Amino acid sequence: MEDEARALLEKNALRREVIIKQSGSTPRAYDSVGRNAIREEGKYIPAFFDSQSVLKFLSRITGETLYRVPYEPEEFIINSQNKSGDTHGWHWDDYSYALVWVIDEPDVLSGARVEFIPHVPWKKENTREWIKKTLAEYPVISRHVARGQCYLLRARDALHRIAPLTQESRRTVIVFTYANDLDFKDTSLTHDSMEDIYPQDTAQ
């Protein structure tokens with residue numbers, strides 16, 4: 001998995017530097033490989049996502065039935081923060097769960113920590129003010145996740161970000177996205193952020 005992710009980054013990475021209006025005009029800055037290149041050229045990453053055994057295991061952890069995300073561009077991506085200031089700014093995910101596999105671990109004193117506030121729903125109207133209010137009123141949980149570890153985040157209901165790198169280091173991850181029953185019933189679910197960050201993968 002690590003070798004495949006690094007090889008795909010070496011060959012296919014595109015630089016993403018955008019401000020995402022849908023998540024309160026928060027920044028994204030990193031190198032990334034979108035789903036299509038991974039699906040076409042990868043072996044182990046697509047196989048992991050397609051595994052019924054993995055899906056059943058994650059369902060046991062969460063206590064609810066999980067599904068492979070129905071929107072193909074969000075199946076899996078590779079992100080790499082590798083420059084000082086690179087960040088994945090405050091946001092919520094479109095779908096309920098993200099499984100994040102850490103391939104390269106940043107220096108523990110160099111930022112790029114996982115920061116989140118759980119049990120906070122996304123208010124899509126006036127999102128920026130909602131983020132500011134949430135950050136002012138609730139403590140932010142911060143975690144350094146080591147290479148070779150994974151974390152499963154209820155990403156739809158947790159305000160979260162990857163803090164900026166504070167010096168030259170590297171944090172590379174594979175992100176797998178999974179849906180639950182709630183997602184299939186949500187008529188407000190859109191893919192605006194994905195379309196802004198990954199235009200090559202979301203173009204119809």
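This is a short walk through the structure above, which is a predicted model.

Let us begin with helix 4, which covers residues 52-62. Its buried residues are Val54, Leu55, Leu58 and Ser59. Looking down the helix axis, you would find these residues within an arc of 140°, so they line one face of the helix. An α-helix has 3.6 residues a turn, so residues three or four places apart point the same way. On the other side of helix 4, Ser53, Lys56 and Arg60 are exposed. What do the buried residues of helix 4 pack against? Their partners are helix 3, strand 3, strand 6, strand 9 and strand 11. Now look at the two ends. At the N-terminal end, Ser51 acts as a cap, with a side-chain oxygen 3.3 Å from the backbone nitrogen of Ser53. Following helix 4 comes Gly63, which has a positive phi near 80°.

Next, turn to the nonpolar cores. In soluble globular proteins, nonpolar side chains tend to be buried together. Here the largest nonpolar core has 48 residues, and the members that touch the most others are Ile45, Ile78, Ile174, Phe176 and Tyr178. Strand 6 supplies the largest share of this core, seven residues. To see one member's surroundings, pick out Ile45: among the residues it touches beyond its sequence neighbours are Met1, Leu8, Ile38, Phe76, Ile78, Ile174 and Phe176. There is also a second, separate core of eight residues, including Trp90, Ile117, Val120 and Trp130.

Ile117 makes a good stop in that second core. You can find Ile117 in strand 7, residues 114-117. Is Ile117 buried or exposed? Its relative accessibility is 2%, so Ile117 counts as buried. Beyond its neighbours in sequence, Ile117 is in contact with several residues, including Thr134, Leu135, Tyr138, Val140 and Leu159.

Charged side chains come next. The model has 18 salt bridges. One of them joins Glu2 to Arg147, with the closest N and O atoms 2.7 Å apart. This pair links distant parts of the chain, 145 residues apart: Glu2 sits in helix 1, and Arg147 in the loop between strand 8 and strand 9. Another salt bridge joins Arg15 and Asp86, at 2.5 Å from N to O. Arg15 belongs to strand 1 and Asp86 to the loop between strand 4 and strand 5, so this pair ties together parts that are 71 residues apart in sequence. Arg15 is partly exposed, with a relative accessible area of 30%, whereas Asp86 is buried at 2%.

A salt bridge can also sit within one helix, as with Glu137 and Lys133 in helix 5. These two are four residues apart, about one turn of the helix, and their side chains meet at 3.1 Å, N to O. Elsewhere, Arg35, Arg39, Asp50, Glu72 and Glu75 are linked in a network of salt bridges.

Finally, visit Asp201 in helix 8, residues 199-202. Which side chain of opposite charge is nearest to Asp201? That is Arg16, 4.7 Å away. A salt bridge needs the two atoms within 4 Å, and buried Asp201 has no salt bridge. The side chain of Asp201 does reach the backbone nitrogen of Asn36, at 2.7 Å. Asp201 also touches Gly34, Arg35, Ala37 and Pro73, among others.

Technical notes: Residues numbered from 1 in each chain as written. Predicted model: local features only at pLDDT ≥ 70, side-chain atom pairs only at ≥ 80, totals over all residues. Heavy atoms only, no water. Buried < 20%, exposed > 50% of the residue type's maximum accessible area, 1.4 Å probe, protein only. Lys, Arg positive; Asp, Glu negative; His and termini not counted. Polar contact = N/O pair within 3.5 Å; in protein donor to acceptor, adjacent residues only side chain to side chain. Contact = heavy atoms within 4.5 Å. Arc of directions from axis to C-beta. Core = buried A, V, L, I, M, F, W, Y, C linked by side-chain atoms within 4.5 Å.
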